[in-house]
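Biologist: Could we go through this structure together? I should like to begin with a single residue and work outwards.

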Amino acid sequence: MSIFSENIRLLRGKLGITQRELSEQITITTSRYISYENGRSKPPVDVLIRISRLFHVSIDLLLSVDLIKYPLDDMLKLPDNRIVLPVVVDQKGNESIEIIPQKASMGYLRGYSDPEYIESLETISLPFLKNGKFRAFPASGDSMPPFKDGSFIIGKYMEGINDLKSGTSYIFVTSNDGITYKRLKSKNTGFITVAADNTFYEPYDIPFEEILEVWQYASGIFPQDF
């Protein structure tokens, strides 16, 4: 059976309802729903949407993440359940901070929503960083001193754009520019304006639809000659 079939069987069991009861809730025949659970057929988009809303799990999770291997209760849910972040702790119970390597930063754009990719990353623990999910991103260039090549910016995951504050520095993961570390200047209708601390660089806009993740600056790791 497919990941989708296994997932809907698992989630239906968590709800404690029968196949007939579920099919009635999404307004299809029981035999049609059973064919989805058994992997004999695939639902059309409109049915996928109804199943997604019933389970409160996004379509991409239903189709691509094995929820038996990565239980939802053990993950940090991002907006609309679009992405999941495995919450990993060390032997002392401190949450681990994944490190995105410099050479693999572009790979993060393909793997940020893949729990297996995230779990493959090296991690560190910084117990003084609490009350949030943190991740370390590589710095590059000279636009945001004192960070430069070889240093890492540790960010705290932000739930949504509405939580962002002007004048605060963030790591923006975008579909167009990749990973960028900038200071927020303003929030506008449909886009944000960001700027580098190095005034040599001009401010620019990022459309909301290009923003994949936002992480607020929390700490830094600097090279030996800092």
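Modeller: Threonine 180 is buried, as its relative accessible area is 9%; buried means under 20%, exposed over 50% and partly exposed in between, with a 1.4 Å probe and protein chains only. This is a predicted model, in which local features need pLDDT of at least 70 and side-chain atom pairs count only at pLDDT 80 or more, while totals for chains, interfaces and linings use all residues. Residues are numbered from 1 along each chain as its sequence is written, and side-chain values use heavy atoms, without hydrogens and water.

Biologist: Which strand holds threonine 180, and what does it touch?

Modeller: Threonine 180 lies in strand β8; strands are DSSP runs of E with at least two residues, helices are runs of H or I with at least four, and both are numbered from the N terminus. Not counting residues up to four places away in sequence, threonine 180 touches Tyr170, Ile171, Phe172 and Tyr204, where contact means heavy atoms within 4.5 Å.

Biologist: Which side chain joins threonine 180 in a polar contact?

Modeller: That of lysine 182, at 3.2 Å. A polar contact is a pair of N or O atoms within 3.5 Å; within protein, one must be able to donate a hydrogen and the other to accept it, and residues adjacent in sequence count only if both atoms are side-chain atoms. The lysine 182 side chain makes another such contact, of 3.4 Å, with the side chain of serine 143.

Biologist: Is lysine 182 buried or exposed, and how far away is the nearest side chain of opposite charge?

Modeller: Lysine 182 is buried and has no salt bridge, that is, no side-chain nitrogen of Lys or Arg within 4 Å of a carboxyl oxygen of Asp or Glu. The nearest side chain of opposite charge is aspartate 177, 8.3 Å away; Lys and Arg count as positive, Asp and Glu as negative, and His and the chain ends are not counted.

Biologist: Turning to the sheet, what is the strand order?

Modeller: The sheet is open, with nine strands in the order β4-β3-β5-β6-β11-β7-β8-β9-β10 and mixed pairing. Its edge strands, β4 (123–124) and β10 (204–207), each pair on one side only; two strands pair if DSSP finds at least two bridges between them.

Biologist: And how do β3 and β5 run?

Modeller: Strands β3 (residues 97–99) and β5 (residues 134–138) run parallel and are joined by two bridges. Glutamate 98 stands opposite arginine 135 in β5.
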